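Hi,

Here is the structure I promised to pass on. Have a look at it first, and my notes on what turned up are underneath.

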Amino acid sequence: MNLDLLTVDAARSAVQERKTSATALAESFYAKIESDDPKIGAFLTLSKERAMAKAAQMDALAAKGENLPPLGGVPVGIKDVMVTKGVRTTAGSKILGNYVPPYDCTAVAWLEAAGAVVLGKLNCDEFAMGSSNENSAWKLVHNPRDLTRVPGGSSGGSAAAVASDMAVAALGSDTGGSIRQPASFCGVIGMVPTYGRVSRYGLIAFASSLDHIGPLTKTVKDAAIVLRTIAGRDPMDSTSADVPVPDYVAELEKPVRGLRIGVAKEYLGEGLDKEVRSAIEAAIQKLAKQGCEIVDVSLPHTRYAIPTYYIVATAEASSNLARFDGVRYGYRAKDARTLSEMYRRSRDQGFGAEVKRRIMLGTYALSAGYYDAYYLKAQRVRTLLTRDFEEAFNKVDAIAAPVSPTAAFKLGEKVDDPLAMYLADIYTVTADLAGIPGISVPCGETKNKLPIGLQILGRHFDESTILRVAQASEKAVTSGKGECP
Amino acid sequence: MKVTEKDVAYVADLGNLELTAEERIRMVRDLNSILGHIDSLNELDTTNVQPMAQISDRHGVDQSKQGSERFAYASREDIREGLRKSLPHDVALENAPDSDGTFFKVPRVIER
């Protein structure tokens, strides 16, 4: 079976109609991973035993002529920040190098309950901190479209695996853009749902008020199928919202004609690469041609989003990462004479440079004398950023914007300048701070054939509208994997 | 320069990190560069703006209530029976770097 461009529905139907078996399908994906992944670096751990057990279960259902669940037999990958029972989970960090979790992340469990075959765990920046995947403690991920370039981050392995057809779909996590930006860089679909839409139970915490789990897929419809499976109230996460989950796939049938699409000048200003700008503007024009009304909106506090984000996110990270102390799980430094020395050495040796930098920045922002000036100030500006969106959404149904100021950059290009790396998150951190949903959909390419993503942002809990707009853009511009027709 | 090497040593101590001499020098540079950018927040007058801890502050809370009652939507009745079971003892200890089968073992706690 040809694995290229294989979608969720196509994979499931093939197993259902017994054109192939889930077992054979999983085996072909493992063969592809074995041959292609050495040059990409997307997978950290393979979960063959677990995958084959699920595949056999789906094959048994299909053999009995029973209806397969929505992801029956569909091979997927999971970002290594989501815990998987019995399958090593490292969060891209040496400090969790040998960690084998005793429980499953809710999103993974629900995906598997819907028949998905979990192939393995995907590479990412350490604790999801990074925008290029270069902070993984294990290995680099190469962008499948140009191996000299980054795949984006922090869900770089998830985007690269889907883009190179080593998984039909993947789960990623987005705290400041970590699903949308790599999706954009690799030419796939990436979606961050509303905060609280998908349970965070079992997601190794980076910044609890900003962390989201979401899908990376080859088509917008696949994103809708995966989101429908993982969304909903989970008693294990008190911040998961008790808001009904619509049938996102059915919602895709509704027309986009008459929808008001906002365009914010703050997202098309200085710093935006010319080729990216023209691709975004062309994509917006194509939405207009399909009957969307294009409306100018303003998000006046956008320039304060990066400083706000890097205070809030690092403050929460410094607190969340305090749990890694070498006592109950994870790496422990040898030969420490006292408990205090053991804590320090384990953390010093276990964490990478970027993680230490963020723990330091967050601890500084929360320390006595600086709390009001930094953390409280950032929380107040977060309110202003959220109000910007609420006011804009009084006028429009969705907002169209770039995902990243540039297409994928070269490996190594920004590693020595953390601030430059942070500043490139400008168009994505805002949605996480405001808790609104967003999706990246390929809308064109640069002269060098690098994918460019269009971002569609929506109202709280209105994933349906942004999926519809994204699908309209997908149909107008691309064949779903970033190739222009 | 806002952050000095002394500040870095103090904050590292709070964060249970040691950092090598090289790491400390680099940290002084990086923190000053990032905090310099963060200072732009002071351009905004936020005197009358409420801080926002998370988005649930705006969805689901009862605005008329104070304290934990604001978040009643996220709480449940007490359960006396049928509670989710804790991890079995041996499973909880499986990932421990050092254990005697009953407890997690650590180096001595009291420093003399």
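Before the notes, a word on how residues are sorted: Ala, Val, Leu, Ile, Met, Phe, Trp, Tyr, Cys and Pro count as nonpolar, Asp, Glu, Lys and Arg count as charged, and the others, Gly among them, count as polar. Please also keep in mind that this is a predicted model.

With that sorting in hand, take the largest cavity. Its lining divides into four nonpolar, eight polar and two charged residues. The space inside comes to about 80 Å³. Of the 14 residues that line the largest cavity, those closest to its centre are A:Gly130, A:Ser131, A:Gly176, A:Ser178 and A:Asp425. The structure holds two cavities of 30 Å³ or more, and the second largest has about 30 Å³ of space. You can find that second one by looking for its lining residues, among them A:Pro193, A:Tyr195, A:Arg200, A:Asp211 and A:His212. That lining splits into four nonpolar, three polar and two charged residues.

Now the pockets. The largest pocket holds about 540 Å³ of space. It has 21 lining residues, and A:Val83, A:Tyr99, A:Tyr103, A:Arg323 and A:Tyr329 are the ones that lie nearest its centre. By class, the lining of the largest pocket is 15 nonpolar, three polar and three charged. The second largest pocket has a volume of about 470 Å³. It is lined by 21 residues, with A:Glu270, A:Gly271, A:Leu423, A:Ile426 and A:Tyr427 closest to the centre. Here the lining divides into ten nonpolar, seven polar and four charged residues.

On to the interface, which you may want to look at on screen. How many residues does each chain bring to the contact? Chain B gives 56 residues and chain A gives 69 residues. Together the two chains bury about 5,700 Å², and 62% of that is on carbon and sulfur atoms. On the chain B side, B:Leu41, B:Met52 and B:Asn95 supply 11% of the area buried against chain A, more than any other three residues.

There is polar chemistry across the interface too. I count 22 residue pairs in polar contact between chain B and chain A, with both residues at pLDDT 80 or more. Which elements of chain B give two or more residues to the side that touches chain A? They are helix H1 (5-14) and helix H2 (21-38) of chain B. H2(B) gives the most, with eleven residues. The residues on that side of chain B divide into 28 nonpolar, 13 polar and 15 charged.

Salt bridges next. As a reminder, side chains of opposite charge can pair when their charged atoms come close. Between chain B and chain A there are four salt bridges. In one between the two chains, A:Lys356 pairs with B:Glu23, and their closest N and O atoms are 2.7 Å apart. Over all chains, the structure holds 33 salt bridges. One to look up within chain A is the pair A:Asp80 and A:Lys121, whose side chains meet at 3.2 Å, N to O. A:Asp80 lies in the loop between strand S2 (75-79) and helix H4 (106-113) of chain A, while A:Lys121 lies in strand S3 (residues 117-122) of chain A, so this salt bridge ties together parts that are 41 residues apart in sequence.

Finally, two backbone details. Most residues other than glycine have a negative phi, and most peptide bonds are trans. Which peptide bond is cis? The one from A:Gly153 to A:Ser154, with omega near 5 degrees. A:Ser154 lies in the loop between S3 and helix H5 (156-163) of chain A. The other detail is A:Ala91, a residue other than glycine with a positive phi, near 55 degrees. A:Ala91 lies in the loop between S2 and H4 of chain A.

Have a browse and send me any questions.

Cheers

Technical notes: Residues are numbered from 1 along each chain as its sequence is written. Chains are lettered from A and ligands numbered from 1 in the order in which they are written. This is a predicted model: local features need pLDDT of at least 70, side-chain atom pairs count only at pLDDT 80 or more; totals for chains, interfaces and linings use all residues. Side-chain values use heavy atoms; hydrogens and water are left out. Contact means heavy atoms within 4.5 Å. Buried area is the accessible area (1.4 Å probe) that two parts lose on being put together, summed over both. A polar contact is a pair of N or O atoms within 3.5 Å; within protein, one must be able to donate a hydrogen and the other to accept it, and residues adjacent in sequence count only if both atoms are side-chain atoms. Helices (H or I, at least four residues) and strands (E, at least two) are DSSP runs, numbered from the N terminus. On a 1 Å grid over the protein atoms alone, a cavity is a set of points where a 1.4 Å probe fits but cannot get out, and a pocket is an open set with protein on both sides within 12 Å along at least five of seven lines; lining residues have an atom within 4 Å of a point. Grid points are joined across faces, edges and corners, and a volume is the space filled by probe spheres set on the points.
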